[in-house]
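Biologist: Please take a close look at the hollow spaces in this model, and at the pieces of chain that belong to the same neighbourhood. I would like to have the cut-offs stated as you go.

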Amino acid sequence: MQNTSFTAGMTKKASALIRDNKLIILVSSIFIGWKFFLVSVFFNNEFSRSEESLIYIGHIDSVNRCSYIVFCDQFLQSFKTYYGFALLSYRVLFGAIGHLLNMNSSNVFHLSFYIGILMLLPALIFFLKNIETDKRLIAFLLFFLTLYNGGGSHGFWWVAPDFFASLIAFIAYAIILGDYKHWKMILAILMPVGFYFHTIFVYLMSTIVIFYFFYSFSTKNIHVVMLKKIVFSILILLIFYIPTSYYLGGNPYGPETFVLKSNIVNSGIQSLEKNISPAPSENSSSQSKSERRYSARHLFPGFNKIKERYFDYIFFEYNPFFIMIFAGVILILFHYKQYKILSMYFAALVFTLASSLNQHADRALPFIWPITFLLYGYGVWFAFQLSEEYLKENRKIKIAFNTFLYSGMVIFIVINIIYSYGVNQNIEFNPAKFLEDYVWNHR
């Protein structure tokens, strides 16, 4: 009798849960179906068997071949070099899965893409629920993230160690923004796991500091608990980062190396050396002035990559119409005081622009791109709300405005579906050219 009551109670709770979250569940099924399809497309092209893929297969194999997972000489010997620490969480996780399932490392690498997508979905929902309470809006934003795929060798399509580091960064953001009793324990686990997935996690966590300044300024409030969480997270991260870097004699991909090897630091050192050297002749003085006019390209060698892989896409090669749309989204979100997403976007933008000090600045893009999709998702949602509030008296203008929004969404969806398929099929696709050839010219 008790078992029957218990079963009936659980069934009732499950039904209520499904009913309350039906839109999120629906979009989640679309998310999984679309991403799984893209993974299958990816493993039919040659890049899935490229040298870069073989590197990750090798990392998985370093654990998979151990008789007792990590208790073997090969695994322990790897810690004599940087590569023993790099991607440690990644190779232990998937090496252990390969070992337990008795799969070869190549098949585990293939499986890791599906596992990564299954891990990404709850992480994104958890993140969204900590920045938004309206379940309809959460489902809408999740749909926009379904459309995000990424490009180059980064993004949701490339389920490699930096993918998992980004995934954990989203969870860390959620814990820091949310209200959780055991946040210290959770963050104490997330920080080392994220760091040992990929060094990019250190950089991603720096964005939460920038976010805090933007958010506090926007809300005109000092969020004490949030600040405590951020400070705690950074301290835990440093506890693992500093000894690791010291043991290795310096982290070749760490922030200190990134700054010291930047052209702007080297240029400053050269200028200082010239200033303390003996006074040159008139001709050489003229020449030295010319030499001191360092171009922006020299000081920010990574900016061109950011421009080509982000700004050119966002503004469709600086089309005034799309610049106006972007500005409109920002203004609408300020109007509705959506300071969390705005602060996240500006934090991501500052981080991305700062990354241009290094020639590999495109490494910053896996964070700003999904935040940009969320920015546009919020923008569309509140644009419809703006229409309801301010245009209800003028039916013709409201219809025209809503038609523009729906048309824009359709174009946005089509472009991202084609682009995502093209990326996973290793086909180049230019959204600006697509609009010019198939939309503007066929109006």
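Modeller: What follows goes from a pocket to the cavities, and then to the helices and loops. The model is predicted, so to speak of local features a pLDDT of at least 70 is needed, side-chain atom pairs count only at pLDDT 80 or more, and totals for chains, interfaces and linings use all residues. Residues are numbered from 1 along each chain as its sequence is written, and side-chain values use heavy atoms, with hydrogens and water left out.

The second largest pocket has a volume of about 1,200 Å³. Of its 42 lining residues, His198, Thr199, Tyr203, Tyr253 and Arg363 are the closest to the centre. (On a 1 Å grid over the protein atoms alone, a pocket is an open set of points with protein on both sides within 12 Å along at least five of seven lines; a cavity is a set where a 1.4 Å probe fits but cannot get out; lining residues have an atom within 4 Å of a point. Points are joined across faces, edges and corners, and a volume is the space filled by probe spheres set on them.) Helix α10 (200–219) gives the largest share of this lining, 6 residues. At least two residues each come from α3 (51–64), α10, α11, α12 (255–260) and α18 (339–355). (Helices are DSSP runs of H or I with at least four residues, numbered from the N terminus.) By class, the pocket lining has 25 nonpolar, 12 polar and 5 charged residues. (Ala, Val, Leu, Ile, Met, Phe, Trp, Tyr, Cys and Pro count as nonpolar, Asp, Glu, Lys and Arg as charged, and the others, Gly among them, as polar.)

His198 and Thr199 also line the second largest cavity, whose volume is about 50 Å³. Its other lining residues are Tyr82, Phe85, Ala86, Phe195, Thr244, Leu248 and Asn251. That lining divides into 5 nonpolar, 4 polar and no charged residues.

The structure holds 3 cavities of 30 Å³ or more, and the largest cavity contains about 90 Å³ of space. Helix α8 (residues 161–177) supplies the largest share of its lining, 5 residues. The lining of the largest cavity includes Leu120, Tyr148, His154, Asp162, Phe163 and Pro366. Its residues divide into 7 nonpolar, 3 polar and 1 charged.

Back at the helices that line the pocket, α11 covers residues 224–248 and contains Leu227. Leu227 joins Val231, Leu235, Leu238 and Ile242 in a nonpolar surface patch with about 410 Å² of accessible area together. Leu227 counts as partly exposed because its relative accessibility is 34%. (Buried means under 20% relative accessible area, exposed over 50%, partly exposed in between, with a 1.4 Å probe and protein chains only. A patch takes residues with over 30% relative accessible area and no salt bridge, joining nonpolar side chains (Val, Leu, Ile, Met, Phe, Trp, Tyr) within 5 Å and like charges within 9 Å.)

Lys220 lies in the loop between α10 and α11. Its phi is near 55 degrees, a positive value in a residue other than glycine. Most residues other than glycine have a negative phi. Lys220 counts as exposed because its relative accessible area is 74%.

Ser218 and Phe334 are 116 residues apart in sequence, yet 9.5 Å apart in space, C-alpha to C-alpha. Phe334 belongs to helix α17 and, at 38% relative accessibility, is partly exposed.

Note on methods:
Areas by Shrake-Rupley, 256 points an atom, 1.4 Å probe, with all protein chains shown as cover. Salt bridge = Lys/Arg side-chain N within 4 Å of Asp/Glu carboxyl O.
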